[in-house]
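Trainee: I would like to take a close look at a single part of this structure, and I would be glad of a careful explanation.

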Amino acid sequence: MKIIVTGGAGFIGSNFVFHMLKEHPDYDIICLDKLTYAGNLSTLASVTDNPHFKFVKLDICDREGVYKLFEEEHPDIVVNFAAESHVDRSIENPEIFLQTNIIGTATLMDACRKYGIKRYHQVSTDEVYGDLPLDRPDLFFTENTPIHTSSPYSSSKAGADLLVLAYHRTYGLPVTISRCSNNYGPYHFPEKLIPLMIINALHDKPLPVYGEGKNVRDWLYVEDHCKAIDLIIHKGKVGEVYNVGGHNEKTNIEIVKIICKELGKPESLITHVEDRKGHDMRYAIDPTKIHNELGWLPETKFEDGIKKTIQWYLDNKEWWENIISGDYQNYYQEMYGHR
Ligand code: NAD
């Protein structure tokens with residue numbers, strides 16, 4: 001089996017590459033990644049010598065390059081993680097999100113049509129469903145919840161999902177889609193909530209929380225997400241969407257307080273900053289379908305996962321210090337007004 005993993009130098013994609021090489025040591029894994037600001041080759045250092053692993057630097061929007069790769073490699077499965085993934089950046093500059101997330105997805109699927117494929121899997125997000133009100137804890141996103149996006153990021157992901165389903169219906173492309181809640185774990189880029197708070201707390205820097213911090217997210221340890229995708233590409237039904245989530249809802253402020261406690265830092269570091277435009281209130285996934293059909297259940301409890309994640313950032317300072325010493329500094333200054 002030969003699998004192209006796009007976006008494999010990013011957070012979830014790299015964890016998926018590690019998972020697949022470990023769980024399916026006879027599979028060939030080709031990581032296709034443009035290496036944007038969010039992609040990092042050093043993340044893949046532990047597998048570059050593995051004869052079953054290959055890295056190709058390529059933009060998923062580069063039709064010629066993508067076709068050439070498919071012609072040479074004849075992959076059986078494509079798992080598309082490649083995306084512009086940060087909501088705040090999409091608010092500042094939506095265009096690249098439309099390019100990569102929509103045009104890139106179409107380009108990959110056109111290659112799949114041209115060269116044939118056993119499965120195209122689209123890694124999507126619960127953000128395509130929009131948000132839920134805080135005062136209705138009984139409501140959850142199911143696969144039948146209407147698409148109702150809030151940000152340019154989620155709109156571009158929803159556009160891609162609709163295209164994926166259209167390619168299945170129109171051309172018979174064998175597709176599946178997973179819509180997952182917020183992930184956390186090793187190799188998470190420092191701009192995202194959990195690594196940002198860990199790294200700032202370690203430096204005794206202010207911990208910037210949007211508004212009152214009451215927004216609720218459903219957190220899933222990244223390895224559990226990778227296991228879900230592994231199951232879907234092998235056993236999931238073609239043409240289907242699977243929600244992936246851990247029933248682990250936490251407000252942003254709760255998350256920040258947990259990190260302060262784990263690191264022994266004072267909550268006085270927390271500073272409330274102007275809320276994100278169009279900020280979604282609550283995401284909550286109903287994962288009944290993937291549980292009933294494929295037997296998937298999250299295995300990592302949040303209390304354990306957050307400890308493991310914090311320990312990983314303590315043990316891998318070089319990885320994130322290299323990132324935050326580069327261009328990221330300018331982005332951070334623009335967002336939060338201090339270094
Ligand atoms: P990330 O930003 O950490 O990684 C994205 C990767 O894609 C990077 O390696 C980047 O270099 C690569 N990339 C970007 N544009 C590319 C292009 N045009 N061609 C090739 N490669 C390109 O993102 P992530 O958090 O790992 O998310 C991966 C996927 O999972 C995304 O599709 C995202 O929408 C989805 N998702 C993420 C979460 C989450 O909590 N992080 C939750 C649900 C779904």
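How do helix 4 and helix 5 lie relative to each other, and what is the reason for describing them in that way?

Mentor: Please keep in mind from the start that this is a predicted model. The axes of helix 4, which covers residues 95-115, and helix 5, which covers residues 152-171, come within 8 Å and cross at roughly 20 degrees. An angle under 35 degrees counts as roughly parallel, and helix 4 and helix 5 are therefore roughly parallel to each other. Their crossing is right-handed.

From helix 4, the residues that make the contact are Phe97, Leu98, Asn101, Ile102, Thr105, Ala106, Met109 and Arg113, while helix 5 contributes Pro152, Tyr153, Ser156, Lys157, Gly159, Ala160, Leu163, Val164, Tyr167 and Tyr171. Sorted by class, the contact of helix 4 with helix 5 has 12 nonpolar, 4 polar and 2 charged residues. As you follow those numbers along each helix, a general point is useful: an α-helix has 3.6 residues a turn, so residues three or four places apart point the same way.

For another pair to set beside this one, turn to helix 8 and helix 10, whose axes come within 11 Å and cross at roughly 60 degrees. That angle makes helix 8 oblique to helix 10, and the crossing is right-handed. Here Ile258, Ile259, Glu262 and Leu263 of helix 8 meet Ile306, Lys307 and Ile310 of helix 10, and the contact has 5 nonpolar, no polar and 2 charged residues.

Helix 8 and helix 10 also appear in the surroundings of helix 6, since what covers the buried residues of helix 6 includes both of them, along with strand 7 (182-184), strand 8 (207-210) and helix 11 (317-324). Of the 10 residues of helix 6, which spans residues 193-202, 8 are buried, so this helix is largely enclosed by the rest of the structure. The buried residues are Leu193, Ile194, Pro195, Leu196, Met197, Ile198, Asn200 and Ala201. After helix 6 comes aspartate 204, whose phi is positive, near 55 degrees.

One of those buried residues, Met197, leads to the largest nonpolar core, which has 82 residues, and in which Val5, Phe16, Val17, Val79 and Met197 touch the most other members. If you then select valine 5 and leave aside its neighbours within four places in sequence, you will find it in contact with Gly13, Phe16, Val17, Ile29, Cys31, Val79 and Phe81.

Methods
Residues numbered from 1 in each chain as written. Predicted model: local features only at pLDDT ≥ 70, side-chain atom pairs only at ≥ 80, totals over all residues. Core = buried A, V, L, I, M, F, W, Y, C linked by C-beta atoms within 7 Å. Buried ≥ 20, exposed ≤ 12 C-beta atoms within 10 Å, placed from the backbone. Contact = placed C-beta atoms within 7 Å. Helix = DSSP H or I, 4+ residues; strand = E, 2+ residues; numbered from the N terminus. Axes fitted to C-alpha atoms, helices over the stretch in contact; angles between N-to-C directions. Parallel < 35°, antiparallel > 145°, perpendicular 65-115°, else oblique. Left-handed = near helix turned anticlockwise from the far one by under 90°. Nonpolar A, V, L, I, M, F, W, Y, C, P; charged D, E, K, R; others polar.
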